[in-house]
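Hello,

Here is the structure I said I would pass on. Please open it alongside this email, and my notes follow below it.

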Amino acid sequence: MASGSATWVYEMNAIYERRERVRFGHCDPAGIVFYPRYFEMLNALVEDWISEGLGISYAELLGPRRVGLPTASLNTDFKRISRMGDELVQRVSISRLGRTSLTLHVEFEGSDGLRVAFDQVLVCTSLQTHRPQEFPADLRAALTTAQEAQGVNPS
């Protein structure tokens with residue numbers, strides 16, 4: 001993984017953590033992270049969490065299995081700027097697991113504290129019909145195990 005190392009963690013309600021260095025390509029002419037790049041980092045983090053953290057191939061879900069996980073809602077709170085060379089600790093936790101949707105809380109933290117936080121709702125959909133559907137059994141089991149590992153009772 002080009003972004004750095006990833007681990008399972010069980011502190012601060014996080015279930016997956018990795019580090020990512022802020023690159024030149026993330027920054028605007030002012031030398032700080034251009035805010036849309038945070039959303040690209042978020043998307044890459046969620047894909048890696050599903051594949052590496054949950055052990056469910058994201059490429060297989062979207063490809064042959066035709067299961068989508070589009071974002072239905074995304075709330076973002078920008079706290080501090082990030083500059084090229086900064087290392088961001090990225091953490092994923094499950095806030096809510098429903099029948100067809102999942103709410104994640106994601107934080108990117110720098111050496112001086114929280115840089116940005118996201119609350120993201122993903123909806124499990126059929127890529128044939130583009131309608132919501134229940135999570136496939138293996139994904140549901142992995143999500144439930146992850147939620148239990150972070151100390152939250154499954155909903």
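The notes below cover one residue, the strand it sits in, and the strands paired with that strand.

Please keep in mind that this is a predicted model.

The residue is S101, which lies in strand β6, a run covering residues 101–110. Is S101 buried or exposed? Its relative accessibility is 13%, and because buried means under 20%, S101 counts as buried. The strand around it is mostly covered too: of the 10 residues in β6, 7 are buried.

Next, the surroundings of S101. Leaving aside residues up to four places away in sequence, S101 touches R96, V121, L122, V123 and F135. With R96 there is also a polar contact between the two side chains, at 3.2 Å. R96 falls within strand β5, which spans residues 87–97, while V121, L122 and V123 fall within strand β7, which spans residues 113–123.

Those two strands are the pairing partners I looked at for β6. β5 and β6 pair in the antiparallel sense, over 8 bridges. One place to find this pairing on screen is Q90, which stands opposite F108 of β6. The two strands form a hairpin, with 3 residues between them.

On the β7 side, how many bridges join β6 to β7? There are 10, and these strands also run antiparallel. Here you can look for E109, whose bridge partner in β7 is L114. A hairpin joins β6 to β7 as well, this time through 2 residues.

Regards

How values were computed
Residues are numbered from 1 along each chain as its sequence is written. This is a predicted model: local features need pLDDT of at least 70, side-chain atom pairs count only at pLDDT 80 or more; totals for chains, interfaces and linings use all residues. Side-chain values use heavy atoms; hydrogens and water are left out. Helices (H or I, at least four residues) and strands (E, at least two) are DSSP runs, numbered from the N terminus. Buried means under 20% relative accessible area, exposed over 50%, partly exposed in between (1.4 Å probe, protein chains only). A polar contact is a pair of N or O atoms within 3.5 Å; within protein, one must be able to donate a hydrogen and the other to accept it, and residues adjacent in sequence count only if both atoms are side-chain atoms. Contact means heavy atoms within 4.5 Å. Two strands pair if DSSP finds at least two bridges between them.
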